[in-house]
Structures are given as C-alpha cells and as structure tokens.
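Please open the model in your viewer, show it as a cartoon, and keep the selection panel at hand for the stops that follow.

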Amino acid sequence: MARARKNVGQAEGDERTSPGRGKYYMISVVAKSYGIHPQTLRLYEREGLLKPSRTEGNTRLYSDEDLEQLETILSLTRDLGVNLAGVEIILNMRRKMEQMQGEVNQFMEYVKHELARGLGDWEQRLSTAMVKSTSTDLVRVNQPAAGSATAPKKHAR
C-alpha cells in the first residue's frame, strides 16, 4: 500500500522545522500535494484517522509520519474502495498487530535469555555432579509394575 513519497513542501515557507523533530507541513501544502481538499484532511482528523500536531496559534502541522498515514488512508479509500469506518477498523487492527508483534519479539528475547541461562546452569550442575552422567542418563523409562494391567502376563503350564 505504500506509495512513493510525494514531494511535499517544495516552495519557500511551505514547511517548518522543530528542533530535533523533523519537518512539518501546513494543511494547504499537504492538500495540494495529494490532490485533496483541506476539508478532507479536517474530516480525517475529526474521524480520528489523522492526528496532526498544532502550533500555538492552532495551525495544523503534518509530520512525515502523518503523511505516511494519509497515504495509507488514500490507498484504502481510492484504490480499494474502503469507506472511512472500514479504514478506521483496518488502521486499529494494524496498530494492534504491530503492538502484538512487539510483545512477541520481547517474549522471544526473554525466552532466548532464559534458555541460555538455563543451559549454563545444567552444564554447571553436570560438571560438579558426584556421578558423571550425560543428559540421556537423566531420562527414566517407566517400567510397568508387576501385576498391573500393562505388565506382561505369565502363562501357566
């Protein structure tokens, strides 16, 4: 769904920068660059699909991240025919999936760390054992008890 980045803010005074936070674009520049009306951007904001930052004078400023979100919205609506309610659902699902992926990645790192630590513990225990053994010696094979249903029966002659 990602499209090539539009050339936003080419004219002098069309973009602003905040110290250490990158470039921001005014609503008129974004609307013109993407061929949409500024009211459409305001609608997307009212619907919660875009969240541009604001200046002290309450002017909307769109970041590169906002433009990526806008490109996704436009791709869903223009190319795939999804309505705004569907766009909201899709964006929420994507956000949740990214969050879940982060949690899975954290869990996998934890498991890797614990496994590495656990193997070290076993190696240490085996090296200091009174009776040297291998890990296969530690596995017991269950023998059925005499007289149990699974024990082999002796035949009378």
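Begin by selecting Gly86, Val87 and Leu91 in helix α4, which are buried, a word that here stands for under 20% relative accessible area, with exposed meaning over 50% and partly exposed in between (1.4 Å probe, protein chains only). The buried residues of α4 pack against α3, where contact means heavy atoms within 4.5 Å. This is a predicted model, in which local features need pLDDT of at least 70 and side-chain atom pairs count only at pLDDT 80 or more, while totals for chains, interfaces and linings use all residues. Residues are numbered from 1 along each chain as its sequence is written, and side-chain values use heavy atoms, with hydrogens and water left out.

Now show the whole of α4, whose 44 residues reach 64 Å from the first C-alpha to the last, close to the 64 Å expected at 1.5 Å a residue; the expected span is 1.5 Å times one less than the number of residues. Helices (H or I, at least four residues) and strands (E, at least two) are DSSP runs, numbered from the N terminus.

Staying with α4, select Phe107 and add Val104, Met108 and Tyr110, which together with Phe107 form a nonpolar patch on the surface with about 420 Å² of accessible area. Such areas come from the Shrake-Rupley method with a 1.4 Å probe, and for residues only the protein chains shown count as cover. Patches take residues with over 30% relative accessible area and no salt bridge, joining like charges within 9 Å and nonpolar side chains (Val, Leu, Ile, Met, Phe, Trp, Tyr) within 5 Å; a salt bridge is a side-chain nitrogen of Lys or Arg within 4 Å of a carboxyl oxygen of Asp or Glu.

Move next to α3 (residues 64-79), whose buried residues include Leu67, Leu70, Ile73 and Leu74, and also Asp66 and Glu71. The buried residues of α3 pack against β2, α1 (27-34), α2 (38-46), β3, β4 and α4 (84-127). Just after α3, Gly81 takes a positive phi of about 75°.

Finally, select strand β4 (residues 60-63), where Arg60 and Tyr62 on one side and Leu61 and Ser63 on the other are all buried. Strand β2 (residues 22-26) runs antiparallel to β4 and is joined to it by three bridges, with Tyr25 partnered by Tyr62; two strands pair if DSSP finds at least two bridges between them. Strand β3 (residues 53-54) also pairs with β4 in the antiparallel sense, over two bridges, and Arg54 has Arg60 as its bridge partner. In the hairpin of β3 and β4, which has five residues between the strands, look for Asn58, which takes a positive phi near 70°.
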